[in-house]
Amino acid sequence: MSYQAANPLSEEFGFELSGPLAGYWLAFLRIVTGWWFFHAGVTKLIEDGLAYGYGPIYLQGMGDTSIGPLAVWMGNNLAWFVEAMVPLGETLIGLGLLFGVLVRLASFFGVFFMALFWVGNAGFGHGVVNGDLMGMLLFMTLMVFAAGRYFGLDAIIERLSFVERHPKLRYLLG
């Protein structure tokens with residue numbers, strides 16, 4: 001008697017990275033993460049435009065963290081830049097992920113944002129593993145697995161002759 005005959009999971013069904021389920025899952029993660037950041041950014045743009053005042057205040061309050069001096073300096077001296085870049089950055093990161101365009105670049109900046117949020121909320125009252133760290137891991141996953149190649153425009157852009165002539169651009173795509 002064969003073990004395979006009695007096992008309903010012995011059929012062709014796998015979770016390999018080259019399989020269809022992995023592609024669907026990465027596309028789903030990319031779209032959900034993109035919506036999360038797009039919604040956060042657009043909401044700030046609608047409410048405050050490019051003058052999101054909480055960004056510099058958030059950085060100024062990071063004095064007790066490991067990157068405190070840099071964050072406080074940024075909050076004090078680059079407030080004009082931070083006010084505009086928080087809502088604009090979140091919106092652009094979200095759009096990039098939603099449409100699958102420049103996903104690695106967008107994810108890199110998503111990691112940067114989430115790292116600042118994670119360190120900024122460094123009270124770690126619920127431990128080191130919190131929502132900010134999980135968001136950072138989501139962006140890292142999208143970057144590492146080139147999630148824009150799965151049902152995203154990066155798959156089309158990578159086939160353009162311009163990208164084929166400049167293959168280093170693929171580091172930003174995917």
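The legends below walk through several close-up views of this predicted model.

Residues are numbered from 1 along each chain as its sequence is written, and side-chain values use heavy atoms, with hydrogens and water left out. Because the model is predicted, local features need pLDDT of at least 70 and side-chain atom pairs count only at pLDDT 80 or more, while totals for chains, interfaces and linings use all residues.

**View 1. The protein chain as a whole has 9 helices and 0 strands.**
Following the sequence from start to end gives the pattern α-α-α-α-α-α-α-α-α. Here helices (H or I, at least four residues) and strands (E, at least two) are DSSP runs, numbered from the N terminus. Of the 174 residues, 38% count as buried; buried means under 20% relative accessible area, exposed means over 50%, and partly exposed lies in between (1.4 Å probe, protein chains only). The chain exposes about 10600 Å², and carbon and sulfur atoms supply 71% of that area. These areas come from the Shrake-Rupley method with a 1.4 Å probe, and for residues only the protein chains shown count as cover. Among contacts with a separation of 6 or more, 68% join residues 24 or more positions apart, where contact means heavy atoms within 4.5 Å.

**View 2. Gly23 sits in helix α2 (residues 20-48).**
With a relative accessible area of 4%, Gly23 is buried. Leaving aside residues up to four places away in sequence, Gly23 touches Tyr150 and Phe151. Look also for Ala147: 124 residues separate Gly23 from Ala147 along the chain, yet their C-alpha atoms are 7.9 Å apart.

**View 3. Ala147 lies in the loop between α7 (131-144) and α8 (154-157).**
Its relative accessible area is 0%, so Ala147 counts as buried. Not counting residues up to four places away in sequence, Ala147 touches Leu26, Arg30, Val103, Leu142 and Gly174. The C-alpha atom of Ala147 is 9.9 Å from that of Leu102, with the two positions 45 residues apart along the chain.

**View 4. Helix α2 meets helix α6 (residues 103-120), with axes that come within 12 Å and cross at roughly 55°.**
That angle makes α2 oblique to α6. For orientation, angles under 35 degrees count as roughly parallel, over 145 as roughly antiparallel, 65 to 115 as roughly perpendicular and the rest as oblique. The axes are lines fitted to C-alpha atoms, for helices over the stretch in contact, and angles run from 0 to 180 degrees between N-to-C directions. The crossing is left-handed, a label used if the near helix is turned anticlockwise from the far one by less than a right angle, with right-handed for clockwise. On the α2 side you will find Arg30, Trp36 and Phe37, which meet Val103, Phe113, Met114 and Phe117 of α6. By class, this contact has 6 nonpolar, no polar and 1 charged residues. In this grouping, Ala, Val, Leu, Ile, Met, Phe, Trp, Tyr, Cys and Pro count as nonpolar, Asp, Glu, Lys and Arg as charged, and the others, Gly among them, as polar.

**View 5. Helix α2 also passes α7, where the axes come within 10 Å and cross at roughly 130°.**
This angle makes α2 oblique to α7, and the crossing is left-handed. From α2, the contact uses Leu26, Leu29, Arg30, Thr33, Trp36 and Phe37; from α7, it uses Gly135, Leu138, Phe139, Thr141 and Leu142. Sorted by class, the contact of α2 with α7 has 7 nonpolar, 3 polar and 1 charged residues.

**View 6. Helix α4 (residues 68-77) packs against helix α5 (residues 79-99) at about 95°, with their axes 5 Å apart.**
This makes α4 roughly perpendicular to α5. Met74, Gly75 and Asn77 of α4 make the contact with Ala79, Trp80 and Val82 of α5. The class count for α4 with α5 is 4 nonpolar, 2 polar and no charged residues.

**View 7. Leu102 and Ala146 are two loop residues with a positive phi.**
Most residues other than glycine have a negative phi. Leu102, in the loop between α5 and α6, has a phi of about 50° although it is not a glycine. At 34% relative accessibility, Leu102 counts as partly exposed. Ala146, in the loop between α7 and α8, has a phi near 50°. At 3% relative accessibility, Ala146 counts as buried.
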